[in-house]
Every structure is written in structure tokens, then in C-alpha cells.
Amino acid sequence: MKKFIPTYYAKNVYEVSLDFYRKHGIKTLLIDLDNTLASYRDREPSAETIKFVRNLETNGIRVLLASNNSGKRVKRYAETLGIPYIAGARKPLAYKMRKFLKNEGVDFNSLLMIGDQLLTDVFCANTLGVKIMLTDKLVNEDQWTTRINRLIDRPLRKRLQRKGKLKEWNQND
Ligand SMILES: [Mg+2]
């Protein structure tokens, strides 16, 4: 159960303020792609997403992308955004993620992972020992593999909520 408890919770990544990152000493964001940053159908970042990432960078926050999806789409998406990425990350396993973060020279203490799934994103971050912000799904639609995870995610999320384990990012002081 402990490994499924996120550090913070937000409805989506776009609502979190720069001030929050500043206050918590967050210098790097490692963001999940599908249903966190975009729909799994998006082949390229939207104008809104590009603006969002540029604004973070302008304010001194580094943005990295981590997706369990493999192949061309993740590559194209991340390269269009101009940010480092890992595809086929195999979350919740920590091995590839740790290696990627090490290669990128990321300091774990000032890192925040952000993702929409308890089973992959939250579990992985807690295994790595880094902060994790859980979000709701950005759009309603999931890829079929994710739909299976949701069968476990949904009741688990409700339980965490009931027990007061979902700490909203903006109600943290
Ligand atoms: Mg996702």
C-alpha cells in the first residue's frame, strides 16, 4: 500500500503553479506522456503543451519525458518539444529509469515525477525514492493496456482518497 501513496496530487500537470515548484525546491520534472501531458493519440505536442514546457524552462525548471510506450511516436513527440526522453521506460520497474536519470545528471532530491497512474508512475517513483505527483487522466480515453491497469487504479485511488492519502498540491502548507 505504501508504495502507491503519492507525495502530491493534482487534477492535471497544467494547473500546478511555478510557485509550488519554487517553494518545494523542485528543479526537474520527469513527466509521463500518455494521459499526463497529452492524449495517447497525440502524435505531436500541441501549441499549449509547447508553451507550457517553454514557460517552465524559462523559469529554471528542467523538463524530461518518461513513457512506457516505445517507438517513433514518443521520439517524435519529445524531439518536437526539444526535451530529453526515455521511451519503453518499463515503469514500475526502476532499472531503466534510474539509468536514464543518471545519464541526464538529475539530482534526485530536487526531482518531481508526475504521472496519471498509481501502478506505474507512483509505484516507480516510490521505488526510486523520488517525489511523485499523481494526476487524474487528462482525457477520458486510454490505450487498451492502460484500461487493464485502471481496473486496479480506480478502486485503489478511491481508497487512498478516503484515507486522506491524496495530498492536493495547493493545500500543502
Ligand atoms: Mg500515463
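## A tour from strand E1 to the magnesium site

Start by selecting Ala10, which sits in strand E1. Keep in mind along the way that this is a predicted model. Ala10 counts as buried, because its relative accessibility is 0%. Now show its surroundings: leaving out residues up to four places away in sequence, Ala10 touches Glu15, Val16, Met133, Leu134, Thr135, Asp136 and Trp169. Draw a distance from the C-alpha atom of Ala10 to that of Asp136 and you should read 7.2 Å, although the two residues are 126 residues apart along the chain.

**Next stop: the aromatic rings**

Stay in strand E1 and select Tyr8 together with Phe20, which belongs to helix H1 (residues 18-23). How are the two rings of Tyr8 and Phe20 arranged? They form an edge-to-face pair, with 4.9 Å centre to centre and 85° between the planes. Tyr8 and Phe20 lie 12 residues apart, and both are buried. Add Tyr21 and Trp169 to the selection, and you have one aromatic cluster of Tyr8, Phe20, Tyr21 and Trp169. Trp169 may look familiar, since it is among the residues that Ala10 touches.

The whole structure holds 5 aromatic pairs. Another of them joins Phe4 and Phe123 in a tilted arrangement, at 5.3 Å centre to centre with 50° between the planes. This pair links distant parts of the chain: Phe4 is in the segment before strand E1 (8-10) and Phe123 is in helix H5, 119 residues apart. Phe123 counts as partly exposed because its relative accessibility is 27%.

**Along helix H5**

Phe123 has brought us to H5, so select the whole helix, residues 118-128. How many of the 11 residues of H5 are buried? The count is 8, so H5 is largely enclosed by the rest of the structure. Colour them to see where they fall: Leu118, Leu119, Thr120, Asp121, Val122, Cys124, Ala125 and Leu128. The cover over these buried residues includes E2, H4, E5, strand E6 (131-135) and helix H6 (144-162). Just after the helix, Gly129 takes a positive phi of about 80°.

Now bring in helix H4 (residues 95-103), one of the elements in that cover. Two packed helices are described by the angle between their axes and the distance between the axes. For H4 and H5 the angle is about 65° and the axes are 10 Å apart. The crossing of H4 past H5 is right-handed. To see the contact itself, show side chains for Met97, Arg98 and Leu101 in H4, which meet Cys124, Thr127 and Leu128 in H5. These contact residues divide into 4 nonpolar, 1 polar and 1 charged.

**The loop before H4**

Step back into the loop between strand E4 (85-86) and H4, where Pro92 lies. Most residues other than glycine have a negative phi, and most peptide bonds are trans. This loop is a good place to look for exceptions. The peptide bond from Lys91 to Pro92 is cis, with omega near 15°. Arg90, found in that loop too, has a positive phi near 65°. Arg90 is exposed, because its relative accessible area is 54%.

**Strand E2 and the metal**

Select Thr28 in strand E2 next. Thr28 is buried, with a relative accessible area of 7%. Setting aside neighbours within four places in sequence, its contacts are Arg62, Leu64, Val106, Ser110, Leu111 and Leu112.

Follow the strand, residues 28-32, to Asp32. Which residues coordinate the magnesium ion? Asp32 (OD), Asp34 (O) and Asp116 (OD) do, at 2.1 to 2.2 Å. In sequence these donor residues follow the spacing D-x1-D-x81-D. Asp32 and Asp116 link distant parts of the chain, being 84 residues apart, with Asp116 in the loop between strand E5 (111-115) and helix H5 (118-128). Asp32 and Asp116 are both buried.

For a last selection, pick Asn35, in the loop between E2 and helix H2 (47-58). Asn35 has a positive phi of about 65° although it is not a glycine. Is Asn35 buried or exposed? Asn35 is buried, with a relative accessible area of 3%, whereas Arg90, another residue with positive phi, is exposed.

Technical notes. Residues are numbered from 1 along each chain as its sequence is written. This is a predicted model: local features need pLDDT of at least 70, side-chain atom pairs count only at pLDDT 80 or more; totals for chains, interfaces and linings use all residues. Side-chain values use heavy atoms; hydrogens and water are left out. Donors are N, O and S atoms within 2.8 Å of the metal (3.2 Å for Na, K and Ca); water is not among the atoms, so sites may look incomplete. Helices (H or I, at least four residues) and strands (E, at least two) are DSSP runs, numbered from the N terminus. Buried means under 20% relative accessible area, exposed over 50%, partly exposed in between (1.4 Å probe, protein chains only). Axes are lines fitted to C-alpha atoms, for helices over the stretch in contact, and angles run from 0 to 180 degrees between N-to-C directions. A crossing is left-handed if the near helix is turned anticlockwise from the far one by less than a right angle, and right-handed if clockwise. Contact means heavy atoms within 4.5 Å. Ala, Val, Leu, Ile, Met, Phe, Trp, Tyr, Cys and Pro count as nonpolar, Asp, Glu, Lys and Arg as charged, and the others, Gly among them, as polar. Rings of Phe, Tyr and Trp (its six-membered ring) pair if their centres lie within 6.5 Å; planes under 30 degrees apart count as stacked, over 60 as edge-to-face and the rest as tilted.
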